[in-house]
Amino acid sequence: MQAIQATFDDLGTRLMDVTFVVVDLESTGGSPEQCGITEIGAVKVRGGEVLGEFQTLVNPAEPIPAFISVLTGITDAMVIDAPRIEAAFPAFLEFAAGSVLVAHNAGFDVSFLKSAARRTGTPWPGFDVLDTLTLARQLVTNDESPNHKLSSLARVFASTTTPDHRALHDARATVDVLHGLIERVGNLGVHTLEELSSYTSRVSPALRRKRFLAEPLPHAPGVYVFKDRDGRVLYVGTSRDIRSRVRSYFTASEQRSRMADMVRLAHAVTPVVCQTALEAQVRELRLIDEHQPRFNRRSKNGRRVVWVKLTSERFPRLSIVKQVRDDRAHYIGPFRSRASAQSAVDAVHEIVPLRQCRQRITGKEAACALAELGRCGSPCTGAQSDADYALVAADCAALFSGNARPGASRLRSRLEELAAQERFEDAARVRDRFLQLVRGAARSQRLAPLRTAREVVAARRHESGGWELVCVRYGRLAGAVVSPRGADPMVHVRNLQATAEVVPAPVAEAAAALTEETEIVLRWLEAPGVRIVELDGSWTCPVGGAGAVRHELEPAVAAAFDVVGFDRDASLDARPRGGRKRSRDRFRRAG
């Protein structure tokens, strides 16, 4: 990547070019909604030079409390002929237009100004605001000043004006304090308004000095890759504006401690400009999968997934496997953990009496405990024929492949049975397991059409006015492009198809893309406004599949729970103590 000499505009707004309006208010009290402004004072400065001053008394249309008059020296007689806020406030806005507001304890002054805007029906201009109190707390130590009051800071910075609770005098003193604080942060490498606004002592000078890493990066959407001195990838991220996002890692806006550790090790940042947000998401995922960066937490275990398999042997059973094979068996998943896969297996066993043993069946084995409990037809003893067991296996296969409604109906009956017996914890456990099963099956059924389609070309309106075009092959993003506004999109579709990545037809043991990538693409395809332009394959989802059941399951389960007042939101993570009665009460709705 060729380094580009950054201009001052690239680095931010230089402090010497910023117009500050330092403002101070006096009021009749501390509440902006109940009290009025009695005086406005402001000083306009740029590059250390005073450009103008603004001062006016304001008639608050209410008596000034005696203790306020003693504090500020402003009396009712002084403001009786002064303009009301309806006249004074627009004049101040005209004086301060296009500037950055500065105040000491800015929250107080800005809240009164915003209240004045509401009272006068004037839109608030949305000034950038700088608080000298916040900066002083970071830069002035207790050895220099016992506190951070304006009067104390004025002495520290040798202000030519002594604060005395009159608006213009206090504003002038705040100007001197502002210049003193800017001089201090300048010695720490802070030279722009953006850096000053986000300055905090929590960001070390060494960390702040590394902001040069963001200087050559483009203002464009895409992926950014932090690398260490040896070229190892430390962190991968995405942003709509690469340079602005990377720059934020060197300011107080970045709160994650591990990111501070990462930036300390960073030696370079490589940008990968992308035309669309979808392309950026996919590239980020692939880079994380390839490099396994130590500071990325999500998307690092995309290959550590498992499936639930209904075996294709004489008496099929369920098994948790790490690979999908071309063996005519039924699979659902993938599941992100073995625990969630086991929950799905347990859910099937709750409603389908499949065998759970692993040994080879000859028909001469002794009956197990599950057979004695009626949870298995006992094919191992010869009590269940091949044909009868095949019907049981077919029920499970239907649940896996496209007809989940019978299973959902059995679940509801099972929940009603457990609830009627006041076995509320068992009912909650069955519910949670079945949800894992439905999610796994729905995932398989939603991804299958995309994974088997040789090519899908889709389009969506781009914010620039053209079309965002993507080409997906066997569930893998093969290419993306944005057609210009007013251009014939079909010309760009043909070019995209001709230049997109060639993706060989996958085999069962090796999918063309990570499951997470296919899911990202699928979410984009299912988003509002997306149009399928060309499809080489099928785009279907079973009507009675797990996806449909998942949407129907919540009201069905709720109805089953409501039979006896079962708490449909109960969680086993907060199991109560104290015996059966307290456990029952925990899962029962009062009344």
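Author: A salt bridge is counted here where a side-chain nitrogen of Lys or Arg lies within 4 Å of a carboxyl oxygen of Asp or Glu. In this model, which is predicted, a group of residues meets that criterion as a network, the members being Asp228, Asp230 and Arg232.

Reader: How many salt bridges does a search of the whole structure find?

Author: The search finds 26, and it is useful to read individual pairs by asking which elements they join. The side chains of Arg336 and Glu519 form one such bridge, with N and O 3.4 Å apart. Because Arg336 sits in the loop between S11 and H14 while Glu519 belongs to helix H20 (residues 515–526), this pair ties together parts that are 183 residues apart in sequence.

Reader: Are the two partners, Arg336 and Glu519, buried or exposed?

Author: Here the cut-offs matter, since buried means under 20% relative accessible area and exposed means over 50%, with partly exposed in between. Arg336 has a relative accessible area of 61%, so it is exposed, whereas Glu519, at 10%, counts as buried.

Reader: Helix H20 also holds Glu526; which residue forms a salt bridge with Glu526?

Author: The partner is Arg446, and the closest N and O atoms of the pair are 2.7 Å apart. Arg446 is in helix H18 and Glu526 in helix H20, so that distant parts of the chain, 80 residues apart, are linked by the pair. The relative accessible area of Arg446 is 30%, which means that this residue is partly exposed, and Glu526, at 47%, is likewise counted as partly exposed.

Reader: Where do the partners of the bridge between Arg494 and Glu534 lie?

Author: Their side chains meet with an N to O distance of 2.4 Å, and the pair links helix H19 (residues 489–499), which holds Arg494, with strand S15, which holds Glu534, across 40 residues of sequence. Arg494 is partly exposed at 42% relative accessibility, and Glu534 is partly exposed at 25%.

Reader: Strand S15 covers residues 531–536 and also contains Leu535; which nonpolar surface patch does Leu535 help to make?

Author: Leu535 joins Ile532 and Trp539 in a nonpolar surface patch of about 260 Å². A patch member needs over 30% relative accessible area, and Leu535, at 37%, is partly exposed. For the protein as a whole, about 29500 Å² is exposed, and carbon and sulfur atoms supply 50% of that area.

Reader: Turning from surface to interior, what share of the 591 residues is buried, and which residues of the largest nonpolar core touch the most other members?

Author: Buried residues make up 49% of the protein. The largest nonpolar core has 35 residues, and those touching the most other members are Leu318, Val348, Leu354, Phe400 and Leu437. Several elements each supply at least two residues of this core, among them strand S10 (318–321), helix H14 (338–351) and helix H18 (424–452), and helix H16 gives the most, with seven residues. A second, separate core of 28 residues includes Val45, Val102, Phe157 and Val185.

Reader: Which residues are in contact with Leu318, leaving aside its neighbours within four places in sequence?

Author: The contacts of Leu318 include Val308, Leu310, Val345, His349, Cys396 and Phe400. Across the protein, residues 24 or more positions apart account for 64% of the contacts with a separation of 6 or more.

Reader: How far apart in space are Asp395 and Val352, which are 43 residues apart in sequence?

Author: Their C-alpha atoms are 7.3 Å apart. Asp395 is in helix H16 and is partly exposed, with a relative accessible area of 35%. Pro406, in helix H17, lies eleven residues from Asp395 in sequence and 8.3 Å away, C-alpha to C-alpha; with 36% relative accessible area, Pro406 is partly exposed.

Reader: How can the geometry of helix H8 be checked, and what span should its 21 residues have?

Author: The protein has 22 helices and 15 strands, and a helix can be checked by setting its expected length against the distance between its ends. For H8 (residues 167–187), 1.5 Å a residue gives an expected span of 30 Å, and because the end C-alpha atoms are 31 Å apart, the two values agree. Following H8 is Gly189, with a positive phi near 90 degrees.

Definitions and conventions: Residues numbered from 1 in each chain as written. Predicted model: local features only at pLDDT ≥ 70, side-chain atom pairs only at ≥ 80, totals over all residues. Heavy atoms only, no water. Patch = residues over 30% accessible without salt bridge, like charges linked within 9 Å, V, L, I, M, F, W, Y side chains within 5 Å. Areas by Shrake-Rupley, 256 points an atom, 1.4 Å probe, with all protein chains shown as cover. Buried < 20%, exposed > 50% of the residue type's maximum accessible area, 1.4 Å probe, protein only. Helix = DSSP H or I, 4+ residues; strand = E, 2+ residues; numbered from the N terminus. Contact = heavy atoms within 4.5 Å. Expected span 1.5 Å × (residues − 1). Core = buried A, V, L, I, M, F, W, Y, C linked by side-chain atoms within 4.5 Å.
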